[in-house]
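Thanks for sending this one over. Here are my notes, point by point, to read with the structure open beside you.

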Amino acid sequence: MPSTHAGSTADATIDARFPAELLPLLAEADLLESPAAWGAAVTPAGAFRLEPVRLERDLELLTRWMNDPEVAAFWDLSGPASVTAAHVREQLDGDGRSIPCLGILDDTPMSYWEIYRADLDPLARHYPARPHDAGIHLLIGDGTNRGKGLGTALLRAVADLVLDHRPRCTRVIAEPDMRNTPSVSAFLSSGFRCCAELDLPGKRAALMVRERALRTLL
């Protein structure tokens with residue numbers, strides 16, 4: 001949002017639309033732009049990019065993934081398409097602080113990602129958040145792509161995309177379920193560090209952090 005000056009017509013319009021107590025938050029929000037503009041990352045498995053979800057195109061695929069037992073155990077979104085649609089639509093209809101995306105590897109959709117502002121998320125109540133922390137949720141949709149180290153390569157690529165395109169972000173955050181040992185292992189192998197264990201609603205999570213300052217060292 002551009003800066004405003006007292007007395008201008010534009011300021012009066014903005015002040016009428018938003019309560020005064022929200023204006024400082026809006027000024028600092030710097031919400032996420034579309035990851036579609038970030039382009040592709042080169043990984044050992046091929047070219048990888050993030051494509052924002054379009055429900056009319058992607059709902060059937062996402063519903064199938066959410067009903068995979070290995071995914072359902074940690075995402076808790078199994079059931080009819082309406083369950084997945086409600087979860088995704090909440091983000092699509094929101095203010096831009098969380099963007100649901102398909103992960104496209106060599107032109108094939110094979111994973112689901114949520115890129116979000118961790119410092120504006122309820123998660124921020126559970127750890128010492130910094131302004132502009134970015135968060136990642138992910139799942140590998142096709143079981144044939146699991147257990148091959150692919151998650152490690154893609155996590156590193158996505159964290160790099162976030163840091164490359166969000167200069168005010170100093171670190172990328174994730175909070176996988178402690179029981180999901182393949183996920184925790186993939187984060188550790190991709191340059192994240194486990195900084196704490198968190199008691200979150202419905203799970204005990206590992207707080208995984210990838211620092212911009214350490215990205216070339218880990």
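1. Is C169 buried or exposed? C169 counts as buried, because its relative accessibility is 1% and the cut-off for buried is under 20%. C101 is buried too, with a relative accessible area of 0%. If you were looking for disulfides, a search of the whole structure finds zero. Please keep in mind throughout that this is a predicted model.

2. Now for the overall picture. The chain has 218 residues, and 45% of them count as buried. Its secondary structure comes to seven helices and eight strands. Among the contacts with a separation of 6 or more, 62% are made by residues 24 or more positions apart. The chain exposes about 11,200 Å², and carbon and sulfur atoms supply 56% of that area.

3. Let's follow the strands, beginning with β1 (residues 41-43) and β2 (residues 46-52). These two pair in the antiparallel sense over three bridges, and they form a hairpin with two residues between them. To find the pairing on your screen, look for V42, whose bridge partner in β2 is A47.

4. β2 also pairs with β3 (residues 98-105), again in the antiparallel sense, over five bridges. Here P52 has C101 as its bridge partner in β3. That is the cysteine from my opening point, buried with a relative accessible area of 0%.

5. From β3 the pairing carries on to β4. β3 and β4 are antiparallel and share eight bridges; S98, for instance, has Y116 as its bridge partner in β4. β4 in turn is joined to β5 by seven bridges, and these two strands also run antiparallel. In that pairing, I115 is matched with I136 of β5. β4 is mostly covered, with eight of its 10 residues buried.

6. Two loop residues deserve a look at their backbone angles. As background, most residues other than glycine have a negative phi. D106 is not a glycine, yet it has a positive phi of about 50°. D106 sits in the turn of the hairpin that β3 and β4 form, which has two residues between the strands. With a relative accessible area of 45%, D106 is partly exposed.

7. The other residue is H132, which lies in the loop between β4 and β5. Its phi is near 75°, a positive value in a residue other than glycine. Where D106 is partly exposed, H132 is buried, with a relative accessible area of 5%.

8. Which residues of α5 are buried? They are T84, A85, V88 and Q91. These four cover an arc of only 125° around the axis, so they lie on the same side of α5. On the other side of the helix, S82 and E90 are exposed. The cover over the buried residues of α5 includes α3 (55-66), β3 and β4 (108-117). As for its length, α5 (residues 81-92) has 12 residues and reaches 16 Å from its first C-alpha to its last, close to the 16 Å expected at 1.5 Å a residue.

9. α3 makes a useful comparison. A straight helix of 12 residues would span 16 Å at 1.5 Å a residue, but α3 spans only 14 Å between its end C-alpha atoms. Its buried residues are L55, D58, L59, L61, L62, T63, W65 and M66. What covers them includes β2, α4 (69-75), α5, β3, β4 and β5 (134-140). If you want to trace how the helices and strands meet, note that α3 is part of the cover over α5 and α5 is part of the cover over α3.

10. Finally, which residues does V184 touch, not counting those up to four places away in sequence? The answer is P176, D177, A206 and M208. V184 is found in helix α7 (residues 181-189), and at 15% relative accessibility V184 counts as buried. A174 is 10 residues from V184 along the chain, and the C-alpha atoms of the two are separated by 9.6 Å.

Key: Residues numbered from 1 in each chain as written. Predicted model: local features only at pLDDT ≥ 70, side-chain atom pairs only at ≥ 80, totals over all residues. Heavy atoms only, no water. Buried < 20%, exposed > 50% of the residue type's maximum accessible area, 1.4 Å probe, protein only. Contact = heavy atoms within 4.5 Å. Areas by Shrake-Rupley, 256 points an atom, 1.4 Å probe, with all protein chains shown as cover. Pairing = 2+ DSSP bridges. Expected span 1.5 Å × (residues − 1). Arc of directions from axis to C-beta. Disulfide = S-S within 2.5 Å.
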